[in-house]
Amino acid sequence: MSNKEVKAALKSAREAIRNKEYKEALKHCKAVLKQEKNNYNAWVFIGLAAAELEQPDQAKGAYKKAIELEPNQLLAWQGLANLYEKPNQTDVKGDLADVYRKLLELYESGDKQKWYDVCNKLVELYHQEKKYLEVAETWQKLIQMKQEEGAEKAELHALWKKMIQLLKDSTQTQDNKTEQSLLTAFEHAVNSADPVPGEDHQNLYKDFIQCLSKFPHESARLEKACNDMMALYPSASYPLEVLCLHFVQSAGTLSEEALQYISKLLEMDASSGPGIIGFGVKCLHEKKYEEAIKSLTEGLQKTNQCPAAWRYLAEAQMKIHKHRDAVLSCNQALEALGTPEGSSLRWKSLILQLKAEALIKISDADAAEEAIKSLEQIADASSDPVILAIRGQAYLNKGLLDEASKISQELLLSHPDLAESHALEGFIHYSQKNYEQAERSFLNAIKRKAETAEYHQYLGLTYWFMSDETKKDKGKALTHFLKAAKLDSYLGSVFCYLGNYYRDVAGDKSRARGCYKKAFELDGTDEESGTAAVDLSVELGDMDTALSILNEVTQKASPGTAKWAWLHRGLYYLRTDQPSKAVADFQAALRADPKDSNCWESLGEAYLSRGSYATALKSFRKASELNPGLVYSIYRAAAIEQILGKYESAIATYKKILKKTEDYVPALKG
């Protein structure tokens, strides 16, 4: 085949392809290759025809052969790109990216429009593969080309915005180069927007600030962007809200600048969640714990995805000993934190430690088990002596004395100057009633950390139970209870023991009542303090105070709870000749404890006072069934039978009483 014939055959092949006669085209190309096996065009045409005949492997081989022959010729690369772009081609994205890159190289000095088309395709491909760094680098090259061509500001603005769209999902990749490219795109887009100020520009600024807030190390850039936006849009609350949450998340005390931002935001919008949260944190730092809880709770109802705010709420709840509430707040904080990375890991450790401390204060085995699980999730927990001391307390609460003692001994050897080391030893001795050793440990703990209320409380308890002398010695139990109460005015249990001291040792009923009342106000579940406050009020002739305590408890009580309050108020109504009210209260008390024989006996008395003999009889019988030793209930039942004319039954009951208690006068009289 002559050179002329080769050209004719290639021309025929081209015609056949144009007419979609692909098999014919292949014949012409193969004829050419017999003569010229390295004919570039023949290989390209074979690739084209084979691709149309659904023979991808043959097509790929042909194009690759052509590329081998002429690596810088466009046709084969274009054909290979078309082949890889077909929907039936799978697992070729990597190869297609290589082809696009080569085409960009070949188009760069020539056809700019085709360069842009291929660049768009390559970026789309990288985006599908989540190769954000490659997306950023390639798109920036496109923008650079446009800038060199002298593109209009509006076109460049659109390109920067497109880059933001392409990279907006890359914030999870933790790649610094991609992150910087995204932030650069935002800065260019914000600066090239038109008109300014304007709605689109304002929304773009919001997106930019939201993006910056995801990168804790970009705090300076975030503050600048927020301040720049506030200068342009002084009535917009968004940048202030972001700044407030940023300062809250940054931990530590709030700076003067942060407090100004919080104040400015609340002036602008008193119902702003971040503003209310910021104010709550301020209250916490000022030791206004109840106000802090109120504000943080309100703020978190509006802005609940702020782990630091949940943690601050838990801290405030711990300060007023609402330990179960603190555990719930810590759980919310962990949920809001999600899967922490970088600086968020520190927050996770702080939250888990606080949760463990709250669980230990709950003091039951299940809570102790949960505390141990929380501590296990803290990174480097084994090297932190304070966390080890908390773990020791958890073991102690769980009843694992050997494990707790082992940690205590290790801490005393490795950290003898740490207050927590000595306190743990003290808790262990106290639990074993080794009061002399406990005293020594708590004194050592106080020597190292004199301002910890709990240490003074436990030293006071140690003296209280050690002996009658130390209990009565003003310089021992009383002194440390008072010190604990001064250091922590929310520590209800200390006020209860102060009440015990003033009532049982000093004989000062008035002061004792004040302490019990304070203890009960701090902890509404403390029945001992509530009961003592009521009893002492009655003894002191102050029925108003007694009733106000009982009324408050019974109003808040859910069905089947607060038996002691219902019983006390029922007895008061019985004494003051208000039998119907007494009946209602005794019934409420029995819902809490249906097996209380004394309560049934009191209910019988109330029914009897009301003249309801049949129900009174049933109540007294129930009391004596539950406790056959209640002679008074048996006698009352007999007396009612006598009133009702059931003489035989009454006589039998009286005889039954006299069999047990021969000289029981009321029965003899009956």
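Let's start with Tyr 497, which counts as partly exposed, because its relative accessibility is 21% and buried would mean under 20%. One thing to keep in mind as I go: this is a predicted model, and the numbers I quote are computed from it.

So who does Tyr 497 pair up with? The partner is Phe 465, and the two ring centres are 6.2 Å apart. The planes sit at 80°, so we call this pair edge-to-face, since anything over 60 degrees gets that name. If you're new to this, a pair of aromatic rings is described by the distance of the centres and the angle of the planes.

Where do these two rings sit along the chain? Phe 465 belongs to helix α25, residues 453–466, while Tyr 497 belongs to helix α28, residues 492–505. That puts them 32 residues apart, so the pair links distant parts of the chain. Phe 465 is partly exposed too, with a relative accessible area of 38%.

Now compare another pair, Tyr 572 and Tyr 573. Their centres are 5.6 Å apart, with 55° between the planes, and that makes a tilted pair. Are these two buried or exposed? Tyr 572 and Tyr 573 are both buried.

Those are just two examples, by the way: searching the whole structure turns up 19 aromatic pairs. And Phe 465 and Tyr 497 belong to one aromatic cluster, whose other members include Phe 427, Tyr 430, Tyr 435 and Trp 464. If you have the structure open, try colouring that group.

Staying with Trp 464 for a second, what sits over its ring? It's the charged end of Lys 471, 4.6 Å from the ring centre. There's a similar arrangement at Phe 495, where the charged end of Lys 518 sits over the ring, 5.5 Å from the centre.

Okay, from rings to holes. How many cavities of 30 Å³ or more does a search of the whole structure find? Three. The largest one holds about 40 Å³ of space. Its lining is made of Lys 93, Gly 94, Ala 97, Leu 125, Tyr 126, Glu 129 and Lys 131. Sort those by character and you get three nonpolar, one polar and three charged residues.

Which helix gives the most to that lining? That's α6, with three residues. Both α6, covering 93–107, and α7, covering 112–128, supply at least two residues each.

The second largest cavity has a volume of about 30 Å³. Around this one you'll find Ala 51, Glu 54, Gln 55, Pro 56, Leu 83, Lys 86, Asn 88 and Gln 89. Here the split is three nonpolar, three polar and two charged.

Next, a quick stop at Ser 374, which lies in helix α20, residues 365–376. Ser 374 counts as buried, because its relative accessibility is 2%. So what does Ser 374 touch, leaving aside its neighbours within four places in sequence? The contacts are Leu 352, Lys 355, Ala 356 and Leu 359.

Last topic: the backbone. Here's the background. Most residues other than glycine have a negative phi, and most peptide bonds are trans. Now for some cases that go the other way.

Take the loop between α10, residues 176–192, and α11, residues 199–212, where you'll find Pro 195. The peptide bond from Asp 194 to Pro 195 is cis, with omega near 0°. Pro 197 is in the loop between α10 and α11 as well, and a cis peptide bond joins Val 196 to Pro 197, with omega at about -10°.

And which residues have a positive phi? One of them is Lys 130, with phi near 60°. Lys 130 is in the loop between α7 and α8, the latter being 132–148. With 59% relative accessibility, Lys 130 counts as exposed.

Asp 380 is another one, again with phi near 60°. You'll find Asp 380 in the loop between α20 and α21, where α21 is 385–397. Asp 380 is exposed as well, at a relative accessible area of 61%.

That's my tour, so go ahead and click on a few of these.

Definitions and conventions: Residues are numbered from 1 along each chain as its sequence is written. This is a predicted model: local features need pLDDT of at least 70, side-chain atom pairs count only at pLDDT 80 or more; totals for chains, interfaces and linings use all residues. Side-chain values use heavy atoms; hydrogens and water are left out. Rings of Phe, Tyr and Trp (its six-membered ring) pair if their centres lie within 6.5 Å; planes under 30 degrees apart count as stacked, over 60 as edge-to-face and the rest as tilted. Helices (H or I, at least four residues) and strands (E, at least two) are DSSP runs, numbered from the N terminus. Buried means under 20% relative accessible area, exposed over 50%, partly exposed in between (1.4 Å probe, protein chains only). A charge sits over a ring if NZ of Lys or CZ of Arg is within 6 Å of the ring centre and within 35 degrees of the ring normal. On a 1 Å grid over the protein atoms alone, a cavity is a set of points where a 1.4 Å probe fits but cannot get out, and a pocket is an open set with protein on both sides within 12 Å along at least five of seven lines; lining residues have an atom within 4 Å of a point. Grid points are joined across faces, edges and corners, and a volume is the space filled by probe spheres set on the points. Ala, Val, Leu, Ile, Met, Phe, Trp, Tyr, Cys and Pro count as nonpolar, Asp, Glu, Lys and Arg as charged, and the others, Gly among them, as polar. Contact means heavy atoms within 4.5 Å.
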